[in-house]
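The following note sets out some remarks on the model, for use alongside the sequence and coordinates. Please read the numbered points with the structure open.

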Amino acid sequence: MRFLTFEPVPGVTRFGLISGAGRIIDLEGAFAAVLARDIPTERACELASRMAPPDALAFIEGGAICLDAARKVIDAVEDAAARNAPLTGPRGETIDFAEDAVTICAPLANPRNFIASGKNFDNHLTEMQQSNRPVAPRIPSGHPQYPCAIVGPGETVAYPKETRKLDYEVEMAMIIGRRARNVSREDALDYVFGFTVYNDLSARDMGEQEWGVPMMQKNLPGFSPMGPCIVTRDELDDLESIGLRSYVNGELRQSSSIAHMRFKIADQISFWSQIGLEPGDIITTGTPGGVAAGRGNDEEPWWLNPGDVVDCVVDRVGTLRTVIG
């Protein structure tokens with residue numbers, strides 16, 4: 001399944017899914033319509049608000065109950081489409097939207113913990129250290145991201161006055177689906193709700209002033225673009241084959257795959273579960289080589305500039321576009 005957060009009208013945020021026909025379905029309204037076939041409308045709406053809540057974090061916390069509600073919605077939408085009668089809410093309200101009729105937001109804007117991994121692709125280590133024998137971490141490495149930096153797909157991120165070295169990093173983000181504490185590597189993937197696309201923007205010159213863990217350079221306003229949707233774990237059978245690419249103004253900058261990660265997704269979840277992970281927590285893969293900071297002194301600079309468009313692509317997950325303002 002593919003889930004997303006959207007605004008049907010400005011200022012009203014809903015959680016939904018993408019139907020097989022590419023329509024955006026309001027989950028709470030659609031599930032209320034399903035329930036209202038058998039119980040009074042008011043009761044149906046009350047139950048739907050709990051079993052298919054309009055907030056991403058609340059939905060993920062609901063686990064199997066919410067996922068089961070979503071499956072019932074998919075069945076109802078497909079049945080309505082077969083009858084050429086789009087599904088409506090229990091009071092006749094619109095719950096089925098064309099993509100261009102809504103604003104798509106970051107799929108999950110309020111994680112409790114957000115760990116952006118680093119130093120996880122050898123070619124990125126090589127370019128950043130300008131060495132064919134880079135120093136590599138022995139355990140997963142990462143830095144905290146602040147939820148306030150998260151923005152959705154298509155957003156314009158203002159070019160910060162604090163930097164002259166703005167950089168991009170394509171990554172895949174894993175969203176935890178249930179509480180995880182000291183889980184084994186073998187069981188780690190069972191704790192994943194789904195995946196989305198992430199762009200770890202960086203003000204590299206600010207990082208030059210920081211000691212140790214990068215914080216300011218990674219957490220300026222808008223520096224965590226994410227989206228457009230969350231693809232559930234069951235949709236991605238072969239994680240190793242998933243490719244990661246970034247483009248700036250249509251020019252390919254990064255190209256690699258999950259297979260080249262030093263610490264695999266299961267390794268990362270198992271490691272970070274030592275601190276205790278909760279539903280909705282985010283861990284990212286780290287980024288492959290091809291970033292602006294990895295350019296040699298004799299090469300054309302690749303720093304981002306106002307007006308640039310960055311497209312981050314994760315195979316079978318989606319494309320995340322960010323405009324630099």
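1. In this predicted model, strands β15 and β16 form a hairpin, with two residues between the two strands. One residue of the turn, N249, has a positive phi of about 55 degrees.

2. The two arms of the hairpin run antiparallel, and six bridges join β15, which spans residues 243-248, to β16. Individual pairs can be located within this ladder: R245 has S255 of β16 as its bridge partner, and G243 stands opposite S257, also in β16.

3. Strand β15 is also joined to β18, residues 309-314, by five bridges, and these two strands run antiparallel as well. Here V248 of β15 may be taken as a point of reference, its bridge partner in β18 being V310.

4. The hairpin belongs to a wider arrangement. Five strands make up an open sheet of mixed pairing, and their order is β9-β19-β18-β15-β16. The edges of this sheet are β9 (156-157) and β16 (251-257), each of which pairs on one side only. As general background, strands of a sheet pair through backbone hydrogen bonds, in either a parallel or an antiparallel sense.

5. A separate matter is the packing of helices α1 and α4. How do the axes of α1 and α4 cross? Helix α1 covers residues 27-35 and helix α4 covers residues 63-82; their axes come within 9 Å and cross at roughly 75 degrees. An angle from 65 to 115 degrees counts as roughly perpendicular, and α1 and α4 are therefore roughly perpendicular to each other.

6. On the α1 side, the residues that make this contact are L27, A30, F31 and V34, while α4 contributes A69, A70, K72, V73 and A76. By class, the residues of the contact of α1 with α4 comprise eight nonpolar, no polar and one charged.

7. Helix α1 is mostly covered, with nine of its nine residues buried. Among them is the charged residue E28, and G29 is buried too. The partners against which the buried residues of α1 pack include the strands β1 (2-9), β2 and β3, together with the helices α2 (41-51), α3 (56-61) and α4.

8. Is S19 buried or exposed? This residue lies in the loop between β2 (12-18) and β3 (24-26). Its relative accessibility is 13%, and because buried means under 20%, S19 counts as buried. Leaving aside residues up to four places away in sequence, S19 touches I25 and V77.

9. For the chain as a whole, the secondary structure comes to seven helices and 19 strands. Of its 325 residues, 54% count as buried. Considering contacts with a separation of 6 or more, 73% are accounted for by residues 24 or more positions apart.

10. Overall dimensions may be stated in two ways. Taken along the principal axes, the C-alpha atoms fill a box of roughly 70 × 45 × 30 Å. The radius of gyration of the chain is 20 Å, which agrees with the value near 20 Å that a compact globule of 325 residues would have.

Notes:
Residues are numbered from 1 along each chain as its sequence is written. This is a predicted model: local features need pLDDT of at least 70, side-chain atom pairs count only at pLDDT 80 or more; totals for chains, interfaces and linings use all residues. Side-chain values use heavy atoms; hydrogens and water are left out. Two strands pair if DSSP finds at least two bridges between them. Helices (H or I, at least four residues) and strands (E, at least two) are DSSP runs, numbered from the N terminus. Axes are lines fitted to C-alpha atoms, for helices over the stretch in contact, and angles run from 0 to 180 degrees between N-to-C directions. Angles under 35 degrees count as roughly parallel, over 145 as roughly antiparallel, 65 to 115 as roughly perpendicular and the rest as oblique. Contact means heavy atoms within 4.5 Å. The radius of gyration is taken over C-alpha atoms; the globule rule is 2.2 Å times the number of residues to the power 0.38. Buried means under 20% relative accessible area, exposed over 50%, partly exposed in between (1.4 Å probe, protein chains only).
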